Amino acid sequence: MTAPLSHSQPRSVINFVSSLCKSEWTLVSLRQVVHLATGRRYRWVPWFARRLLIAFPEPPDFEVLLKFVLADKGYRQSRETGPLPIWTVFVPPRRMKRSPIAGLASPLPVLETDEALAAWLGLPIGKLQWLADIHGRNRKHPEGPLLPYRHRWIGKPEGKVRLLEIPRAALKEVQRKILAEILDRVPPHPAAHGFRKGRSVISNAGPHCGKALVARFDLADFFPSVSGVRVRRIFQTLGYPETIAAHLAGLCTTILPWPMWRSRPHPNADGTDHATGTRLTSRHLPQGAPTSPAIANLAAYRLDRRLAKLATAVDADYTRYADDLAFSGAEEFARGIDRFAALVGRIAEEEGFSLRPGKTRIMPRSVRQQVAGIIVNGGLNLPRAEYDRLKAVLTNCIRHGPQSQNRENLSDFRAHLAGKVARFAGIHVGRGRKLWVLFDRIAWEGTERTRESESTDS
């Protein structure tokens, strides 16, 4: 294969042609950008620009433009007195590479310049740069409309808190487009069952039914563990030039302002949450952005691949639902579980994740075996206590109104409850039918949707 012509050209030539690529395709702009690149105003440039516009009504590719420049009479004469000076450095435009990812649902959008990315997103270039915030300046703004994210601390049952970083409307719309037209077209590892169409907690738990031993591990700070650098590399792996990958990564990640971290409720007095604070105040995936689950699955691809091979080596099954890792196998797997667990922890650390201390569960047949909340000792089942809690919530919604039970202020509490009921119905038909009867009796204000439509959506 012949090397590109640009590989053999001096830096002054590459800089001159790169400046033309950055210009608007008009006579005035071409003259101005040459002056900016060289620091001089040459008499031959206006005639050169006219010939260029006649030869190419639309901006050509870099290599085509370079070939034209080298063949142009006026440009060749200018070089007889020496190479053109470099007053301002211009970088050649990066071309989008063909993605090496197999099994893409459809081709990815071709985005090779910042202007093309802004046009694809329907944004002015200035707003694109503000939302992407690749230099991290937005974190200096106080909490309010100048920050692209709203922050909310949510209490957890064990007394701890988790952070929701919710993008504002403009950024969320951009993220949904990136999700629909880029991320959803890239398949994650087959072991990943969370946040995927056609997969669920039920498909995640199915392979572990009736096994001699089930082992479960939790990843700590799953979304914050995925750094901005890793997200940028994911987009580069998909074929996007470095600058485009940086902007796409900036649109999908954030940095928590230090004042927001310092104001967190119930900080650990022993400093054990320091690692979490370091992740959150560095560029990371936000929990609350529509793009985060899909990116997290792609970031965990190597982890899934290595853990799947490790499981295969001991004749075990492996699945992952978000941050929940599950393995199951027969007696041979049970006998070597201590060494196996150590290997899981080592692989997770090597892949940029870590296991949550105290959350590992080794479950033989003699105890209740649960995977992502589903009992797998025999067939699939759900704990009676969870059924009783959901039944109580539905009953209180009937008596006191649904808002009385929406303690996390979810924007679509109806869909949230419908999803919980549908989960039960998918595993235990009888209990699910009873829960749907209660759900239908709730007085939902401002909507006339039927229970059948809720069930279909779930």
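Is D324 buried or exposed? I looked this up before anything else, and D324 is buried, with a relative accessible area of 10%. I note at the outset that the model is predicted.

**Entry: R216 and D324**

I then looked for the partner of D324 and found a salt bridge with R216, in which the closest N and O atoms are 3.9 Å apart. A salt bridge is counted here when the nitrogen lies within 4 Å of the carboxyl oxygen, so this pair meets the cut-off. The two residues belong to distant parts of the chain, 108 residues apart: R216 sits in strand β3 (residues 213-218) and D324 in strand β5 (residues 324-329). I checked R216 for burial as well. R216 has a relative accessible area of 17% and is buried. Burial means under 20% here, so R216 falls on the buried side of the cut-off.

**Entry: R279 and D221**

Which residue forms a salt bridge with R279? I found D221, with the closest N and O atoms 2.6 Å apart. This pair also links distant parts of the chain, 58 residues apart. R279 is in helix α13 (residues 274-280), and D221 is in the loop between β3 and α10 (228-237). I recorded the accessibility of each partner. D221 is buried at 17% relative accessibility, whereas R279 is partly exposed at 23%. The buried class ends at 20%, which is why R279 is put in the partly exposed class.

**Entry: R306 and E351**

I next looked up the salt bridge between the side chains of R306 and E351, with an N to O distance of 2.9 Å. R306 lies in helix α15 (residues 301-313), and E351 in the loop between α17 (337-350) and β6 (361-364). They are 45 residues apart, and the pair links distant parts of the chain. R306 counts as partly exposed at 27% relative accessibility, while E351 counts as buried at 7%. I followed the shared partners and found one network of salt bridges joining R302, R306, E350 and E351.

How many salt bridges does a search of the whole structure find? I got 12.

**Entry: the cavity**

I searched for enclosed space and found 1 cavity of 30 Å³ or more. The largest cavity holds about 140 Å³ of space. I listed its lining and counted 16 residues, with D133, N138, P148, Y149 and T254 lying nearest the centre. Which elements give two or more residues to this lining? They are α7 (125-132) and β1 (149-155). By residue class, the lining has 8 nonpolar, 5 polar and 3 charged residues.

**Entry: the whole chain**

I finished with the chain as a whole. The chain has 21 helices and 8 strands. I took the span of the C-alpha trace along its principal axes, which is about 90 × 55 × 45 Å. The chain has 458 residues, and 45% of them count as buried. I also looked at contacts with a separation of 6 or more, and 70% of these are between residues 24 or more positions apart. The exposed area of the chain is about 24200 Å², and carbon and sulfur atoms supply 52% of that area.

How values were computed
Residues are numbered from 1 along each chain as its sequence is written. This is a predicted model: local features need pLDDT of at least 70, side-chain atom pairs count only at pLDDT 80 or more; totals for chains, interfaces and linings use all residues. Side-chain values use heavy atoms; hydrogens and water are left out. On a 1 Å grid over the protein atoms alone, a cavity is a set of points where a 1.4 Å probe fits but cannot get out, and a pocket is an open set with protein on both sides within 12 Å along at least five of seven lines; lining residues have an atom within 4 Å of a point. Grid points are joined across faces, edges and corners, and a volume is the space filled by probe spheres set on the points. Helices (H or I, at least four residues) and strands (E, at least two) are DSSP runs, numbered from the N terminus. Ala, Val, Leu, Ile, Met, Phe, Trp, Tyr, Cys and Pro count as nonpolar, Asp, Glu, Lys and Arg as charged, and the others, Gly among them, as polar. Buried means under 20% relative accessible area, exposed over 50%, partly exposed in between (1.4 Å probe, protein chains only). Contact means heavy atoms within 4.5 Å. Accessible areas come from the Shrake-Rupley method with a 1.4 Å probe; for residues, only the protein chains shown count as cover.
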